Amino acid sequence: MTLYIDPPHWPGHGRFWSHLISDASFDELHAFAGRLGLPERAFDGDHYDVASASYADAVALGAVEVGSKDVVRLLTAAGLRRRKRGRRNPAAPRQGG
């Protein structure tokens, strides 16, 4: 079970963002996001949006740096990829965090 993060190249809200994913489960992803201090609203159906200011912290906690195309490939291979439509309906919302 590994967590992956792409470089913060995605602009939005005056910042740049990364995508944090799991190759195993949403439970693993939610637990890692909790340790990183990400709010639940950062979850976008199959990934967490991570501000560039938190990128180094995610890597220090063990997230593996990958390219943006790898994020989609890894999510798809793990069976965790969700299309844009309906993403805000997560399979396993984080609890207690």
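Colleague: Why is Glu28 said to have no salt bridge?

Modeller: In this predicted model, the nearest side chain of opposite charge to Glu28 is that of Arg35, 6.9 Å away, whereas a salt bridge needs a side-chain nitrogen within 4 Å of a carboxyl oxygen, so Glu28 is left without one although Glu28 is buried. Glu28 belongs to helix 1, residues 26–36, and touches Met1, Thr2, Leu3, Ser22 and Asp23, leaving aside residues up to four places away in sequence.

Colleague: What covers the buried residues of helix 1?

Modeller: The cover includes strand 1 (3–5), strand 3 (15–22), strand 4 (48–51) and helix 2 (55–60), and among the buried residues of helix 1 are Phe26, Leu29 and Phe32.

Colleague: What makes Asp46 and Arg81 a salt bridge?

Modeller: Their closest N and O atoms are 3.2 Å apart, and the cut-off is 4 Å, so the pair qualifies. The pair joins distant parts of the chain, with Asp46 in the loop between helix 1 and strand 4 and Arg81 in the segment after helix 3 (68–78), 35 residues apart.

Colleague: How do you know whether Asp46 is buried or exposed?

Modeller: Asp46 has a relative accessible area of 0%, and buried means under 20%, so Asp46 is called buried. Arg81, at 30%, is partly exposed, because that class lies between 20% and 50%.

Colleague: Why is the contact of Arg73 with Asp70 called a salt bridge?

Modeller: The N to O distance is 3.4 Å, which is within 4 Å, so the name applies. Both residues lie in helix 3, three residues apart, about one turn of the helix.

Notes. Residues numbered from 1 in each chain as written. Predicted model: local features only at pLDDT ≥ 70, side-chain atom pairs only at ≥ 80, totals over all residues. Heavy atoms only, no water. Helix = DSSP H or I, 4+ residues; strand = E, 2+ residues; numbered from the N terminus. Buried < 20%, exposed > 50% of the residue type's maximum accessible area, 1.4 Å probe, protein only. Lys, Arg positive; Asp, Glu negative; His and termini not counted. Contact = heavy atoms within 4.5 Å.
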